[in-house]
Amino acid sequence: MASHDTNPSTEAPIGGFDEAAFGDPQLEAQLTQHFARSADATGIDLSALAARVASVSAEELPSRVFRPRVRRFAPLQAVAVIAVGLVALRLLGPSPSPTTLDTGVLVASPIALPATVLADVDLLTRDMVVRERVISNLSGVADFECELESLFPEEEFRCDS
Amino acid sequence: MPEALDESDFRRLVASARWGDDHAWRTLVEHWTPRLFAFLHSRCRDPELSEELVQDVFVKVAQRLVDYDERGRFSSWIMLIAINRLRDEMRRRKRHARPVEHETLGALAGSTPSTAADAPGEQESRRALDEALRSLSEAERELLHLRHAVGLSFSDISELLGEPRGTLLARHHRVLGKLRAFLAPHDPNNPQEPNASSDEQGGAV
């Protein structure tokens, strides 16, 4: 097993310290060799260890950890983002004309609904108005029940008259 | 043998590894594995534990790569993780160890195995150096391990230990002087008798 090169790097003098003046090249080389031999004498194949460690630890790299999570939650995230975006656009987007009351209070503009929805709402509203007028013109309970039966045939109203 | 790399190479490799470059990550691991192993083994003297810790250190480095601050030195960062991991393991073992295991870590620490290729004089020289290293304090040995087992610069060690570079240079100089004084009686060229009191010294090498 080849020992690694651990010759300590020498640096240019910083702050007035010259490393060479503090060293003992012969004894330092002896120490480096001593530690390298000590590691070599264990018989551990460091190349095989490095390959094994690289393989195992690579699974923990950020790119490996985060990508699968993003993939797993992508559809859900996409739906959530689109929904939030639509709501945000509706609430924060440009409104047709902010309405100001006489008191000066700014109120939100009505939501502009699609024409088909408005038509449905209109029909429902008219229907309810008609039913309400019919009910209000009834003279008694019997008439009321009969009228209910005619108005809501799907419900279980019994007309006694 | 892994190619020689410096801090600018580490920064480049870390940036690439973050984005999933397997080759960059493998290069970092191949460069640092022998150094980490040499350091950890010199501290705990247990090859299997050193192997295990090397793997742990790289798993931690990979996990924390996203938070790594590129303004600092990678050498100091990875060695700090290694030192902390080793300390945690030593504390854990100390809590759960049987007496013989605790003794093993300390008492066996000085014995560097001989190889068949060692000449008798060389074996004696290595044994003397082992004893000399055991005579040093923990901080002094750590400095020598970081400098000569890992090959860190004094600037790396300064950032790692949080001590001024000048202080470390002076300490290193003093430690070398202690070793020289300890080894002088064992020098075959030295007419003095070998130091008989060396067996009283103890501690991890």
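Reader: In what order do the elements of chain A run from the N terminus on?

Author: They run α-α-α-α-β-β-α-α. That gives chain A 6 helices and 2 strands. This is a predicted model: local features need pLDDT of at least 70, side-chain atom pairs count only at pLDDT 80 or more, and totals for chains, interfaces and linings use all residues. Residues are numbered from 1 along each chain as its sequence is written, while chains are lettered from A and ligands numbered from 1 in the order in which they are written.

Reader: What makes a stretch a helix or a strand?

Author: Both are DSSP runs, numbered from the N terminus: a helix is H or I with at least four residues, a strand is E with at least two. Chain B has 9 helices and 0 strands. Its elements therefore read α-α-α-α-α-α-α-α-α from the N terminus on.

Reader: Why is A:Leu61 called buried or exposed?

Author: Count the neighbours. A residue is buried if 20 or more other C-beta atoms lie within 10 Å of its own, exposed if 12 or fewer, and partly exposed in between, with C-beta atoms placed from the backbone. A:Leu61 has 23 C-beta neighbours inside 10 Å, so it counts as buried. A:Leu61 sits in the loop between H3 and H4 of chain A.

Reader: What does A:Leu61 touch?

Author: Leaving out residues up to four places away in sequence, A:Leu61 touches B:Ala17, B:Gly20, B:Trp25, B:Ala62 and B:Leu65. Two residues are in contact if their C-beta atoms, placed from the backbone, lie within 7 Å.

Reader: How many residues does each chain give to the contact?

Author: Chain A gives 40 residues and chain B gives 53 residues. On the side of chain A that touches chain B, the elements giving two or more residues are H1 (19–22), H2 (25–40), H3 (46–58) and H4 (62–92) of chain A. H2(A) gives the most, with 10 residues. The residues of this side of chain A divide into 21 nonpolar, 12 polar and 7 charged. Ala, Val, Leu, Ile, Met, Phe, Trp, Tyr, Cys and Pro count as nonpolar, Asp, Glu, Lys and Arg as charged, and the others, Gly among them, as polar.

Reader: How do you know what H3(A) should span?

Author: The expected span is 1.5 Å times one less than the number of residues. For the 13 residues of H3(A) that is 18 Å; the end C-alpha atoms are 17 Å apart, which agrees.

Reader: Which residues of H3(A) are buried, and where do they lie around the axis?

Author: They are A:Leu46, A:Leu49, A:Ala50, A:Val53, A:Ala54 and A:Ser57. They cover an arc of only 130 degrees, which puts them on the same side of H3(A). The arc is that of the directions from the helix axis to the C-beta atoms. These buried residues of H3(A) pack against H2 and H3 of chain B.

Reader: What are the length and the buried residues of H1(B)?

Author: H1(B), residues 7–18, has 12 residues and reaches 16 Å from its first C-alpha to its last, close to the 16 Å expected. Its buried residues are B:Phe10, B:Leu13, B:Val14 and B:Ala17. They fall within an arc of 105 degrees, so they line one face of the helix. B:Gly20 follows H1(B), with a positive phi near 90 degrees.

Reader: What makes B:Arg45 stand out?

Author: B:Arg45 is not a glycine, yet its phi is positive, about 60 degrees. B:Arg45 lies in the loop between H2 and H3 (47–64) of chain B. With 22 other C-beta atoms within 10 Å, B:Arg45 is buried.

Reader: Why is the crossing of H2(B) and H7(B) called left-handed or right-handed?

Author: A crossing is left-handed if the near helix is turned anticlockwise from the far one by less than a right angle, and right-handed if clockwise. This crossing is right-handed. H2(B), residues 22–44, and H7(B), residues 138–150, pack at an angle of about 145 degrees, with axes 9 Å apart. Axes are lines fitted to C-alpha atoms, for helices over the stretch in contact, and angles run from 0 to 180 degrees between N-to-C directions. H2(B) brings B:Arg35, B:Ala38, B:Phe39, B:Ser42 and B:Arg43 to the contact, and H7(B) brings B:His145, B:Ala149 and B:Val150.

Reader: How many residues, as a percentage, are buried in each chain?

Author: In chain A, 11% of the 161 residues count as buried. In chain B, the buried residues make up 38% of 205.
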